[in-house]
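Grab a viewer and a notepad. Here are a few short exercises, each with a solution you can follow step by step.

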Amino acid sequence: MTPVLRTERLDFLPYRPEHEDHFVALLRDEEVCRWMGQDLVPEPQLRELFRAILTDVYPQRRFDVWGLWTEGAYAGHAEVKPTGNVEGHELVTALAPAHWGHGLGGEAVRRLLRYAAEDLGLSEAYGMVGAENTASLAMCRRLGFRHLRDVVGDDGSVTKLMVISTKDPETGTETGTKNRADTGTGNRADTGAAAGAAAVEDAV
């Protein structure tokens, strides 16, 4: 069962039926989709995907999916799931534009890394970032991700496949426990779309 996770400012809560409109609004936002490197998905399809999270993803324990909340407000979406690009797990985060620029993207990814190491026993994790999303690529590098290879879509778009060890090579501690100073707090460029270029299409 997907657990509740917390950081200093974020609550990672499994979705409930009443969260559907938040999920749809986030993934119908053109700016969010642009930074995630994906096309806008029709609203009926998003609603179908959301309901599949509740009726299939959670009951079958396919992977972990959360809504992100800060001070009681919906702030975004997060996932840890197997990825089809390599043999491993992908981290997915997307923040609503109202919550960009406060370091929440890095804070979310660090907590996912900690979860991947401590709860899932993973030694590394992956992220997919659109090549044009320079802000999120910079955030990934600050967090310790390294570029593995480019993935070229049928439309010619390029997505960067990034990888990170869940442990700090110098200290042996989980990457997600490092100081929050590297999360880009106060940087408008922190979109939170640091990982997961195809969050919606792969949701079920």
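Contact here means heavy atoms within 4.5 Å. Helices (H or I, at least four residues) and strands (E, at least two) are DSSP runs, numbered from the N terminus. This is a predicted model, so to speak for local features pLDDT must be at least 70, side-chain atom pairs count only at pLDDT 80 or more, and totals for chains, interfaces and linings use all residues. Residues are numbered from 1 along each chain as its sequence is written, and side-chain values use heavy atoms, with hydrogens and water left out.

**Exercise 1.** Work out which residues of α4 and α5 meet, and how the two helices cross.

Solution. Start with the contacts: G105, G106, V109 and R110 in α4 meet M139, R142 and L143 in α5. Sorted by class, that contact has three nonpolar, two polar and two charged residues. (Ala, Val, Leu, Ile, Met, Phe, Trp, Tyr, Cys and Pro count as nonpolar, Asp, Glu, Lys and Arg as charged, and the others, Gly among them, as polar.) Next, the geometry: the axes of α4 (residues 104-118) and α5 (residues 134-143) come within 11 Å and cross at roughly 45°. That makes α4 oblique to α5; angles under 35 degrees count as roughly parallel, over 145 as roughly antiparallel, 65 to 115 as roughly perpendicular and the rest as oblique. Axes are lines fitted to C-alpha atoms, for helices over the stretch in contact, with angles from 0 to 180 degrees between N-to-C directions.

**Exercise 2.** Describe how α1 packs on α3, then find an aromatic pair that links them.

Solution. Helix α1 (residues 20-27) and helix α3 (residues 43-57) pack at about 130°, their axes 10 Å apart. That makes α1 oblique to α3. On the α1 side the contact uses E20, D21, F23, V24 and L27, and on the α3 side E43, L46, R47, F50, R51 and I53. The class tally is six nonpolar, no polar and five charged residues.

Now the rings. Rings of Phe, Tyr and Trp (its six-membered ring) pair if their centres lie within 6.5 Å; planes under 30 degrees apart count as stacked, over 60 as edge-to-face and the rest as tilted. By this rule the count comes to seven aromatic pairs. F23 and F50 have ring centres 5.3 Å apart and planes at 50°, so the pair is tilted. F23 lies in α1 and F50 in α3, so the pair ties together parts that are 27 residues apart in sequence.

**Exercise 3.** Where does L13 lie, and what is it in contact with?

Solution. L13 lies in strand β2 (residues 11-13). Leaving aside neighbours within four places in sequence, L13 is in contact with V4, R6, W66, G67 and W69.
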